[in-house]
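Open the model in your viewer and keep the sequence panel beside it. Each stop below gives a selection and then what is there.

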Amino acid sequence: MSEKRQPDPKAQTFSHKVHDILYRVGELLLKKNEQYGDSVNNPIRLFSKLDSQAGVRVRIDDKLSRLARGNDSIESDMDIVDDLIGYLIMLKMIMEE
């Protein structure tokens, strides 16, 4: 009986790696959008009166600040980078509207 082997990540092509990362970030975006109730596109605006684009830019600044400080007590650098990619995708979506 042959063992099922996991694919070697080093053997993946650039294209496969890009698609894998985009898929995972996309799933993260969809999950967070469901959890937070589309707070980027339709914020409740209880406290902040920023428009969606400005709000996303503030979130990007916050993530960059955490990454620059290198403190992973709140979240890992990989989590921050995934969030940054997601926020940049959201920013692009808003800018294209």
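The tour starts with the whole chain, then moves to one helix and its side chains.

**Stop 1: the whole chain**

Colour by confidence before anything else, as this is a predicted model. The mean pLDDT of the protein chain is 87. Of its residues, 89% reach 70 or more. Where pLDDT is low, do not read the predicted coordinates in detail.

Now switch to cartoon. The protein chain has 3 helices and 0 strands. From the N terminus on, the order is α-α-α. Select residues 14-36 for α1, 52-69 for α2 and 77-96 for α3. Mean confidence is lowest in α1, at 92, and highest in α3, at 94.

Turn on the surface. The accessible surface of the protein chain comes to about 8,200 Å². Carbon and sulfur atoms hold 57% of that surface. Buried residues make up 19% of the 97 residues in the chain. Among contacts with a separation of 6 or more, 55% are between residues 24 or more positions apart.

**Stop 2: helix α3**

Hide the surface and select 77-96. This is α3, with 20 residues. From first C-alpha to last, α3 reaches 28 Å, close to the 28 Å expected at 1.5 Å a residue.

Which residues of α3 are buried? Show I80, D83, L84, G86, Y87, M90, L91 and I94 as sticks. These buried residues pack against α1 and α2.

**Stop 3: L84**

Pick L84, in helix α3. L84 counts as buried because its relative accessibility is 10%, under the 20% cut-off. Which residues does L84 contact, leaving aside its neighbours within four places in sequence? Select I60, K63, L64 and L67.

Add D62 and draw a C-alpha to C-alpha distance. L84 and D62 are 9.6 Å apart in space and 22 residues apart in sequence.

**Stop 4: D83 and its two lysines**

Select D83 next. D83 is buried, with a relative accessible area of 9%. Side chains of opposite charge can pair when their charged atoms come close. Two such pairings are on view here.

Show K32. The side chains of D83 and K32 meet in a salt bridge, 2.8 Å from N to O. This pair links distant parts of the chain, with D83 in α3, K32 in α1 and their positions 51 residues apart. K32 is partly exposed, at 28% relative accessible area.

Now show K63. D83 and K63 also form a salt bridge, again 2.8 Å from N to O. D83 lies in α3 and K63 in α2, so the pair ties together parts that are 20 residues apart in sequence. K63 counts as buried, at 10% relative accessibility.

Extend the selection to R66 and E75. K32, K63, R66, E75 and D83 are linked in a network of salt bridges.

**Stop 5: E96 and K92**

Move along α3 to E96. Is E96 buried or exposed? E96 is exposed, with a relative accessible area of 59%. Add K92, which forms a salt bridge with E96; the closest N and O atoms are 3.0 Å apart. The two residues are 4 apart in helix α3, so about one helical turn separates E96 from K92.

**Last stop: the full count**

Show every salt bridge at once. How many does a search of the whole structure find? The search finds 6 salt bridges. Among them are D83 with K32, D83 with K63 and E96 with K92.

Conventions. Residues numbered from 1 in each chain as written. Predicted model: local features only at pLDDT ≥ 70, side-chain atom pairs only at ≥ 80, totals over all residues. Heavy atoms only, no water. pLDDT = per-residue confidence, 0-100. Expected span 1.5 Å × (residues − 1). Buried < 20%, exposed > 50% of the residue type's maximum accessible area, 1.4 Å probe, protein only. Contact = heavy atoms within 4.5 Å. Salt bridge = Lys/Arg side-chain N within 4 Å of Asp/Glu carboxyl O. Areas by Shrake-Rupley, 256 points an atom, 1.4 Å probe, with all protein chains shown as cover.
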